[in-house]
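Subject: A structure for you to look at

Dear colleague,

I am handing over the structure below, together with some notes on what was found in it. Please keep it open beside this message while you read.

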Amino acid sequence: MTARDQAIEQLLSGLDPEQREAVTAEPGPVCILAGAGTGKTRAVTHRIAWRVLRGDMRGQHVTAVTFTARAAGEMRDRLRGLGVAGVNARTFHSAALRQLRYFGVRRFHGQIPELIDSALKFTAIAAARAGLQTSRAKNFDLTTEMEWAASSLIGPDDYVSAIAALGRDTPAAPEDVAKVYAAYIEAKRRAGVMDFADVLAHTADMIGDDESIADQIRSQYRFFVVDEYQDVTPLQQRLLDAWIGDRDDITVVGDASQTIYSFTGASSKNLLDFTRRHKNASLVRLVRDYRSTPQVVGLANQIIGESKGREAKMRLELIGQRPDGPAVTAEVFADEAEEADMIARRCSQLIADGTSPSEIAVLYRTNAQSQAYEEALSSYGVPTVVTGAARFFDRPEVRQAVVALRSAAKTDIGSMPLAEAVPAALEAVGWRPDSAPSGGAQREAYEAVAALANLAEQFLEHHRANPDEEGPEPDLEAFCAELSRRASEQHAPAVEGVTLASLHAAKGLEWDAVFLVGLADGTLPTTFARTETALEEERRLLYVGITRARERLQLSYGLARNAGGRERRLCRFLAPLGLGGFPRLPEPGAAASKPRERKKAKVLDCSGCGKPLTDARDRKLGHCADCPATMDEALFERLREWRVSVAKQDGKPAFTVFTDVTLIAIAERCPGSDSELAALHGIGKSKLDKYGPAVLHLVNGGEVTEAIAMCEESA
């Protein structure tokens with residue numbers, strides 16, 4: 001057996017039968033239907049490596065198109081690990097912009113239009129020229145609508161008739177939107193700028209209009225791979241067709257059951273019609289789920305098994321490959337405030353029990369739901385990362401940290417080993433290991449910088465694991481170069497914190513523990529989903545959320561939106577399943593039973609003025625900020641000193657012992673017994689057993705050193 005044959009055999013050795021079939025399909029059109037957690041990235045990267053290793057082409061002849069910079073970065077990293085370099089793994093926009101800047105000078109007579117980050121300014125100009133009264137919010141909605149139209153290949157002249165045919169809701173009268181749309185295009189032309197949709201359209205036009213450019217691009221890129229093919233828009237498909245020309249060496253990967261971006265113009269039509277368009281296409285189904293426990297997989301199959309429409313014809317029934325895990329739990333809370341508080345409490349407990357914050361996620365239908373969870377988690381001292389917020393390398397604290405690292409590389413610090421140089425350099429921005437604030441925005445900023453320090457450790461470990469491939473051990477300057485590469489590709493490192501994300505933003509991600517919250521009818525599905533097509537997309541959105549969980553999954557909703565408010569119904573997709581903890585629909589034809597007693601939303605009053613308490617922190621302390629209780633300051637300081645020492649003993653962050661809010665409550669109430677201590681927020685049975693004697697010892701005037709020794713003995 002030759003060395004090449006051995007390399008190929010080793011490449012294929014760890015694949016399951018379906019993955020192997022996908023990887024070794026002969027050149028030509030291949031459609032891989034890949035369910036959630038079935039190893040699609042593994043299959044795709046191994047297929048590219050298989051084609052390169054067997055001599056079909058070099059890595060430089062491959063274009064792999066993904067939908068996020070993070071996915072593109074992950075694909076490049078995996079391919080490097082398989083010994084394949086040079087693959088053009090990019091998003092549609094990144095690949096198109098690169099070609100436009102290289103080839104477009106001639107087309108635009110030496111001056112390529114400037115790319116704008118935000119179209120809102122030009123939308124406002126266009127609306128004014130069209131005589132339309134707008135606000136910032138309305139301009140945002142108009143921009144989103146014009147982006148959808150451009151992605152759907154609908155121009156201003158066709159907009160009104162297209163909207164009428166689709167029955168689509170619009171942010172203003174269709175005729176007015178069409179006027180703004182036309183004025184928007186003209187405003188961009190006059191300013192010499194382009195938006196992201198223009199990048200794709202200009203590149204497709206350039207290839208279609210100039211045969212010499214088309215020949216150069218097609219001779220360079222001979223094999224195409226498209227990830228998340230169910231999310232391709234008509235405009236992206238038009239560009240893809242221009243890239244490919246009359247060839248058919250293309251592999252597409254997708255899952256019709258994860259079609260959730262129709263609001264951007266995305267359509268699963270291209271995936272559903274692929275084998276019809278390419279008569280000789282190979283079709284492979286990946287159904288073995290390696291991500292989630294059978295309990296999670298079973299619920300996902302139940303939800304998607306009731307789907308309807310075209311996408312349902314290509315749905316996959318997943319087969320769980322992992323050992324059994326905990327049952328999926330379901331719970332109804334009194335209101336949304338209680339739901340947020342209890343979820344935050346459970347996140348805190350998971351962290352205290354050893355789960356990394358970055359392996360926990362709270363997922364919701366709309367971004368507006370995030371604030372309640374940010375506040376609740378902060379009150380428990382739990383760090384958070386809000387997905388969909390500012391891009392990692394654009395965050396002020398990250399930019400400052402990168403500047404500090406680059407500056408330090410030119411000083412004596414640059415000659416230190418990387419493991420020592422990075423922490424030393426980050427001291428310039430006030431960052432030190434093991435000095436994290438307890439929660440909130442400061443904690444989030446701390447964890448963002450900590451992610452850079454962790455990335456340096458991973459960078460060093462990778463080089464040590466591949467010394468022959470990577471050369472001498474990297475220094476601070478080499479790490480700064482790696483950060484520049486990642487920033488240009490928006491390949492962000494993982495940040496330590498509980499992830500807060502909308503279901504749309506969670507697509508493509510996964511966590512050990514997932515809390516799916518706000519599952520009330522009217523929120524999921526949203527009240528705006530009025531057609532069967534729209535409702536089916538909401539079902540698929542729930543399916544995506546469920547399949548993000550590896551081990552633990554909790555579903556919940558607040559019976560009322562606010563304390564004492566009108567009761568709501570459970571999400572209609574979950575109601576028929578009879579999950580323990582959720583109300584169950586009566587069997588068809590069964591006599592109506594007496595409505596079960598529902599728990600009323602609990603209203604907590606301030607112990608001082610008697611006003612209802614709504615803020616999470618106030619509810620934990622039992623009084624509002626205007627009626628502060630008398631706190632024993634000396635006891636609070638002794639509790640904090642004890643907490644720091646105990647946390648170091650346990651090798652955990654201090655907030656996992658008790659949060660500041662809990663320490664304040666102890667110092668205010670001065671509990672004299674286990675039962676009084678257990679009545680305080682943040683003290684469950686496990687913490688009572690572990691820390692209760694020491695805390696009561698401190699409350700009774702005991703020494704900190706004695707309390708620390710008590711915890712050492714109990715451990």
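Which strands does helix α24 lie across, and at about what angle does it run to β15? Helix α24 (residues 532-546) lies across β12, β15 and β16 (549-560), and it runs at about 140° to β15. Angles here run from 0 to 180 degrees between N-to-C directions, the axes being lines fitted to C-alpha atoms, for helices over the stretch in contact, where contact means heavy atoms within 4.5 Å.

Before going on, please note that this is a predicted model, in which local features need pLDDT of at least 70 and side-chain atom pairs count only at pLDDT 80 or more, while totals for chains, interfaces and linings use all residues. Residues are numbered from 1 along each chain as its sequence is written, and side-chain values use heavy atoms, with hydrogens and water left out.

The protein as a whole

The protein holds 30 helices and 16 strands, where helices (H or I, at least four residues) and strands (E, at least two) are DSSP runs numbered from the N terminus. Of its 715 residues, 50% are buried, that is, under 20% relative accessible area, with exposed meaning over 50% and partly exposed in between (1.4 Å probe, protein chains only). Among contacts between residues at least 6 apart in sequence, 76% join residues at least 24 apart.

The sheet beneath α24

The strands that α24 lies across belong to an open sheet of 6 strands with parallel pairing, in the order β11-β16-β15-β12-β14-β13. Because β11 (329-335) and β13 (384-386) stand at the edges with a single partner strand each, one side of each is left without a neighbour in the sheet. Neighbouring strands of this sheet are turned by 25° against each other on average, direction ignored. Within it, β12 (residues 360-364) and β15 (residues 511-516) pair in the parallel sense over 4 bridges, pairing being counted if DSSP finds at least two bridges between two strands; Leu-363 stands opposite Leu-516 in β15.

Strand β1 and its partners

Why is strand β1 (residues 30-34) described as largely enclosed by the rest of the structure? The reason is that 5 of its 5 residues are buried. In a regular strand the side chains alternate between the two faces of the sheet. In β1 both faces are covered, with Val-30, Ile-32 and Ala-34 buried on one side and Cys-31 and Leu-33 buried on the other. Strand β1 runs parallel to β8 (residues 282-286), to which 5 bridges join it, and Leu-33 stands opposite Arg-285 in β8. It also pairs with β7 in the parallel sense over 4 bridges, where the bridge partner of Cys-31 is Val-252.

Thr-251 is found in β7 (residues 250-254) and is buried, with a relative accessible area of 1%. Leaving aside neighbours within four places in sequence, Thr-251 is in contact with residues including Val-30 and Ile-32. Its side chain makes a polar contact with the side chain of Arg-47 (2.9 Å); such a contact is a pair of N or O atoms within 3.5 Å, where within protein one must be able to donate a hydrogen and the other to accept it, and residues adjacent in sequence count only if both atoms are side-chain atoms.

With kind regards
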